[in-house]
Amino acid sequence: GLVRRLAVRSSARNQFAAEVAALRDEGGRIDVALRLDGGEAMVVAVTPASVRSMALAPGVGVHVLVKAPWVQVLARRPRPDAAANVL
């Protein structure tokens with residue numbers, strides 16, 4: 001529903017409202033730490049140009065769209081050191 005209200009077309013079914021918590025320069029890419037509405041954390045990697053064009057900064061609200069091939073559903077919780085972005 002959110003994407004339709006914004007008049008953006010996307011086939012992504014996995015959509016999250018979030019707030020930028022922090023930006024970390026990793027030399028050629030920026031890791032953007034996000035705080036999802038439910039309190040979970042997520043980190044996404046974007047280019048410095050994308051950070052500028054989206055005006056990303058701590059406290060800015062964003063909408064995260066994740067394509068299905070990037071999502072895994074597991075029967076049990078992975079080891080804490082096994083993966084990032086485990087919801």
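Trp70 sits in the segment that follows strand S4. The model is predicted. Is Trp70 buried or exposed? Trp70 counts as exposed, because its relative accessibility is 74% and the cut-off for exposed is over 50%. In sequence, Trp70 and Asn14 are 56 residues apart. In space, their C-alpha atoms are 9.8 Å apart.

Asn14 brings us to the strands. Strand S1 spans 14-25, and strand S4 spans 61-66. S1 and S4 pair in the antiparallel sense, with 6 bridges. Within this pairing, Phe16 of S1 stands opposite Val64 in S4.

S1 also pairs with S2, strand 30-36. These two run antiparallel and are joined by 7 bridges. Here Asp25 stands opposite Ile30 in S2. S1 and S2 form a hairpin with 4 residues between the strands. In this hairpin, Gly27 takes a positive phi near 70 degrees.

Next comes the interior. In soluble globular proteins, nonpolar side chains tend to be buried together. In this model, the largest nonpolar core has 13 residues. Those with the most contacts inside the core are Ala18, Val20, Val32, Leu34, Leu56, Val62 and Val64. Val64 is thus met again: it is the residue opposite Phe16. Which elements give two or more residues to this core? They are S1, S2, S3 (41-46) and S4. The largest share, 4 residues, comes from S2.

Val32 shows how the core is knitted. What does Val32 touch, leaving aside its neighbours within four places in sequence? Val32 is in contact with Val20, Ala22 and Leu23. Val32 also contacts Met42, Val43, Val44 and Val46. Leu56 completes the list.

Now turn to the empty space. Rolling a probe the size of a water molecule over the atoms shows where such space is left. The largest pocket has a volume of about 950 Å³. S1, S2, S3 and S4 are the elements that give two or more residues to its lining. S4 provides the largest share of that lining, 6 residues.

How many residues line the largest pocket? The lining has 31 residues. By class, 24 are nonpolar, 5 are polar and 2 are charged. Nearest the pocket centre lie Met42, Val66, Trp70, Val71 and Asn85. Met42 is also a contact of Val32. Trp70 closes the tour: this exposed residue is among those nearest the centre of the largest pocket.

How values were computed
Residues numbered from 1 in each chain as written. Predicted model: local features only at pLDDT ≥ 70, side-chain atom pairs only at ≥ 80, totals over all residues. Heavy atoms only, no water. Core = buried A, V, L, I, M, F, W, Y, C linked by side-chain atoms within 4.5 Å. Buried < 20%, exposed > 50% of the residue type's maximum accessible area, 1.4 Å probe, protein only. Contact = heavy atoms within 4.5 Å. Pairing = 2+ DSSP bridges. 1 Å grid on protein atoms, 1.4 Å probe; cavity = no way out; pocket = protein on both sides within 12 Å on 5 of 7 lines; lining within 4 Å. Points joined across faces, edges and corners; volume = space filled by probe spheres on them. Nonpolar A, V, L, I, M, F, W, Y, C, P; charged D, E, K, R; others polar.
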